[in-house]
Amino acid sequence: MSTRSLYRRHSPQFKWPLCADIRNGKIGRREAKRTYQILANLIQLWLSQYDRGELNVEEAAATTISEYGAQIAAFERKVGPLTMEIDLLKKMPRLRPESSNEPSSIISGPLPAGSNGGVR
């Protein structure tokens, strides 16, 4: 079985001019069906939406912009705490000076003074 989607989505920016061309007589329904490989009942649905004024490019663009705005807000909510965490980590003193020869653990940092790390 193929992993391709069974359904294609057509944007209002595609549907509106196609319906306008069909209604203005620039292209026929059969020609649109063959050219764009679209089912006749789907073209009829779009034409009905076009006639009722439901297929509007400007409204579709506004919807797209509002969706992008919501995505941007979600990203900003994620970035804010990460930025604060990075700033905090930059301000923290290093756990182990680079010149130190003491053994240290990645998890717990430098070992306490006087400890051999369990080695005698």
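**Close-up views of a predicted four-helix, two-strand model**

**View 1. The whole protein.** The protein has four helices and two strands (DSSP runs, H or I of at least four residues for helices and E of at least two for strands, numbered from the N terminus). Along the sequence they follow the pattern α-α-α-α-β-β. This is a predicted model, in which local features need pLDDT of at least 70 and side-chain atom pairs count only at pLDDT 80 or more, while totals for chains, interfaces and linings use all residues. Residues are numbered from 1 along each chain as its sequence is written, and side-chain values use heavy atoms, leaving out hydrogens and water.

**View 2. Helix α3 from end to end.** Helix α3 covers residues 40-52. At 1.5 Å a residue, its 13 residues should span 18 Å (1.5 Å times one less than the number of residues), and the end C-alpha atoms are 19 Å apart, which agrees. Just after α3, look for G53, with a positive phi of about 85 degrees.

**View 3. The two sides of α3.** Here I43, W46, L47 and Q49 are the buried residues of α3 (buried is under 20% relative accessible area, exposed over 50%, partly exposed in between, with a 1.4 Å probe and protein chains only). Seen down the axis, these buried residues fall within an arc of 160 degrees, so they line one face of the helix (the arc is that of the directions from the helix axis to the C-beta atoms). They pack against α1 (12-23) and α2 (29-36), with contact meaning heavy atoms within 4.5 Å. On the other side, N41 and R52 are exposed.

**View 4. Meet M92.** M92 sits in the loop between α4 (57-91) and β1 (104-105). M92 is partly exposed, with a relative accessible area of 42%.
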